[in-house]
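Got your viewer open? Here's a short walking tour: what to select next, and what you'll find when you do.

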Amino acid sequence: QALREVIAVRGFRASALGYFGHMWELYAFWSVLPWLSLPIHQSLMAAGDGWAPSVSLISFAVIGIGFLGSVLGGLWSRRIGSARVAASALAASGLMCVVYPFIPDSWPQVQLGALLFWGICVVADSAQFSAMSSQHAPPQWLGSALVLQNGLGFLITVISILLLGWAIQQWGSLALCLLAPGPALGLWAMRPLLKETAP
């Protein structure tokens, strides 16, 4: 009964599917950060500039800067709404999935800047999906709806982490393109929410 009522709500369905696309990308991206950070560290060390950020520091910075994305996303949502913030973040991080693999290893500063930008975008939509799902879920089934969304989201995460961990060993950074369908499908699913906030 609860499951049928929750899934029947178009707004919740759109938010949950957008969230699933977000979850396909987020933790899988974080899981390969040490692998992505290593060539940056090695290139900066080889440049002979003295100090170069370590792999662990780069990884920490990319994850930690997500705090800025969350704060800015929350502030921005007050002006343009959660749906537009989530869609903008999904679009930006999805774009990074296909752009980053083509940044040459000889441009470590550009790679580092791109990872930091990606770190901001990839998590900026998390709170917005929670807010939208809470808003659209039937009040009497709110807890069950969020448990359903989070549970399925983390199941998707496990699959994407395993897939990307294998693929990146085979194809290198080109494997990051496997993350792009998540944001793309999430944006497609969010269309009803964006129409609600259209001027």
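Leaving aside neighbours within four places in sequence, which residues is Gln-128 in contact with? Select Gln-128 and look around: the partners are Gly-73, Gly-74, Ser-77, Ser-82, Val-85 and Ala-86. Keep in mind as you go that this is a predicted model.

Stay on Gln-128 for a moment. You'll find this residue in helix 8, which covers residues 126-136. Gln-128 counts as buried, with 4% relative accessibility. For a distance check, pick the C-alpha atoms of Gln-128 and Val-85: they sit 7.3 Å apart in space, although 43 residues separate the two in sequence.

Next stop, the interior. Select Phe-29, Leu-36, Tyr-100, Leu-115, Trp-118 and Leu-176: these have the most contacts inside the largest nonpolar core, a set of 28 residues. Now colour the elements that give two or more residues to this core: helix 2 (10-31), helix 3 (33-46), helix 4 (55-64), helix 6 (82-99), helix 7 (108-124) and helix 9 (142-171). Helix 7 is the top contributor, with five residues.

Zoom in on Tyr-100. Beyond its neighbours within four places in sequence, Tyr-100 touches Leu-36, Ile-40, Gln-111, Ala-114, Leu-115, Trp-118 and Leu-176. There's another core apart from the largest one; this second set has 17 residues, including Phe-12, Ala-83, Phe-129 and Met-190. As background, nonpolar side chains in soluble globular proteins tend to be buried together.

Time for the cysteines. How many disulfides does a search of the whole structure find? Zero. Start with Cys-97, which is buried at 0% relative accessibility. Its closest cysteine sulfur belongs to Cys-177, but the gap is 7.9 Å, so the two are too far apart for a bond. Then hop to Cys-121: it is in no disulfide either, as the nearest cysteine sulfur, in Cys-97, is 11 Å away. Cys-121 is buried as well, with a relative accessible area of 8%.

Now over to helix 9, where you'll find Ala-167. Is Ala-167 buried or exposed? Buried, with a relative accessible area of 0%. Skip the neighbours within four places in sequence, and the contacts of Ala-167 are Gly-172, Ala-175 and Leu-178. If you want a longer ruler, draw a line from the C-alpha of Ala-167 to that of Leu-57: the two are 24 Å apart in space and 110 residues apart in sequence.

Follow the contact from Ala-167 to Leu-178. Leu-178 sits in the loop between helix 9 and helix 10 (181-189). This leucine is partly exposed, at 28% relative accessible area. Again leaving out neighbours within four places, Leu-178 meets Trp-24, Leu-163, Ala-167 and Trp-171. The C-alpha atoms of Leu-178 and Ile-168 lie 9.7 Å apart, with the two positions 10 residues apart in sequence numbering.

Last stop, the outside. Show the surface and select Phe-67, Leu-68, Val-71, Leu-72 and Leu-75: together they form a nonpolar patch with about 470 Å² of accessible area. Phe-67 belongs to helix 5, residues 66-80. With a relative accessible area of 62%, Phe-67 is exposed, whereas Gln-128, where you began, is buried.

Notes: Residues numbered from 1 in each chain as written. Predicted model: local features only at pLDDT ≥ 70, side-chain atom pairs only at ≥ 80, totals over all residues. Heavy atoms only, no water. Patch = residues over 30% accessible without salt bridge, like charges linked within 9 Å, V, L, I, M, F, W, Y side chains within 5 Å. Areas by Shrake-Rupley, 256 points an atom, 1.4 Å probe, with all protein chains shown as cover. Salt bridge = Lys/Arg side-chain N within 4 Å of Asp/Glu carboxyl O. Helix = DSSP H or I, 4+ residues; strand = E, 2+ residues; numbered from the N terminus. Buried < 20%, exposed > 50% of the residue type's maximum accessible area, 1.4 Å probe, protein only. Core = buried A, V, L, I, M, F, W, Y, C linked by side-chain atoms within 4.5 Å. Contact = heavy atoms within 4.5 Å. Disulfide = S-S within 2.5 Å.
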